[in-house]
Amino acid sequence: MDMITKMVMERPVVIYSKSSCCMSHTIKTLLCDFGANPAVYELDELPRGRDIERALLRLGCSPAVPAVFIGGELVGGANEVMSLHLNGSLIPMLKRAGALWV
């Protein structure tokens, strides 16, 4: 958990992903299209990716990827991010976190 805490505090937006996950790809594309420039950690490509995945599951991420953190706080997975986008609160959240300057 300490490893995740440290990683998510380094950037305004952090996405834990797997390179083969289509929902992860969708969320990465959405946030990048907004200009958020997230830090993306591909768990299937990291030496300690399995440990991080287990920690994300303990935090309540189910499934473990995609797991999106904005401003150091867990937002959730694809469903939660898309819900925030559809109700109009995702962009303001990204702005408050310092991920967008518009």
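F69 finds its bridge partner in β4, and that partner is L74. A second rung of the same kind links I70 with E73, again in β4. Both belong to a predicted model, so it helps to know how far to trust it. The mean pLDDT of the protein chain is 94, with 98% of its residues at 70 or more. Confidence peaks in strand β1 (residues 13–17) at a mean of 98, and drops to its lowest in helix α1 (residues 2–8), at 89.

**The sheet**

Back to those bridges. Strand β3 (residues 67–70) and β4 run antiparallel to each other, and three bridges hold the pairing. The two strands make a hairpin with two residues between them, and there G71 takes a positive phi near 60°.

Zoom out and you get a four-strand open sheet, ordered β2-β1-β3-β4, with mixed pairing. On the edges sit β2 (39–42) and β4 (73–76), each pairing on one side only. Going from one strand to the next, the twist averages 25°.

**Helices against the sheet**

Which strands does helix α2 touch? Helix α2 (residues 22–34) packs on the sheet and touches β1, β2 and β3, and its direction makes about 160° with that of β1. Helix α4 (residues 78–86) lies across β3 and β4 instead, at about 90° to β4.

**Backbone spots worth a look**

If you like checking backbone angles, the loops have some to offer. P63 sits in the loop between α3 (49–59) and β3, and the peptide bond leading into P63 from S62 is cis. P66 is placed in the loop between α3 and β3 too, and a cis peptide bond joins V65 to P66. Over in the loop between α2 and β2 you'll find N37, a residue other than glycine that nevertheless has a positive phi. Here are the angles for these places, along with the glycine from the hairpin:

| Place | Angle | Value |
|---|---|---|
| S62 to P63 | omega | near 0° |
| V65 to P66 | omega | about -5° |
| N37 | phi | near 50° |
| G71 | phi | near 60° |

**The largest pocket**

Now for the open space. The largest pocket holds about 180 Å³. It is lined by 13 residues, and those closest to its centre are S62, P63, G77, A78 and E80. Two of these names should ring a bell: S62 and P63 are the pair joined by a cis peptide bond.

Which element gives the largest share of the lining? That's α4, with three residues. Both β4 and α4 supply at least two residues each, and α4 is the helix that lies across β3 and β4.

What is the lining of the largest pocket like by class? There are seven nonpolar residues, five polar ones and one charged.

So if you're scrolling through the model, β4 is a handy place to start. From this edge strand you can follow the bridges across to β3, look at α4 lying across both strands, and then move on to the lining of the largest pocket, where β4 and α4 each have residues.

Technical notes
Residues numbered from 1 in each chain as written. Predicted model: local features only at pLDDT ≥ 70, side-chain atom pairs only at ≥ 80, totals over all residues. Heavy atoms only, no water. pLDDT = per-residue confidence, 0-100. Pairing = 2+ DSSP bridges. Axes fitted to C-alpha atoms, helices over the stretch in contact; angles between N-to-C directions. Contact = heavy atoms within 4.5 Å. 1 Å grid on protein atoms, 1.4 Å probe; cavity = no way out; pocket = protein on both sides within 12 Å on 5 of 7 lines; lining within 4 Å. Points joined across faces, edges and corners; volume = space filled by probe spheres on them. Nonpolar A, V, L, I, M, F, W, Y, C, P; charged D, E, K, R; others polar.
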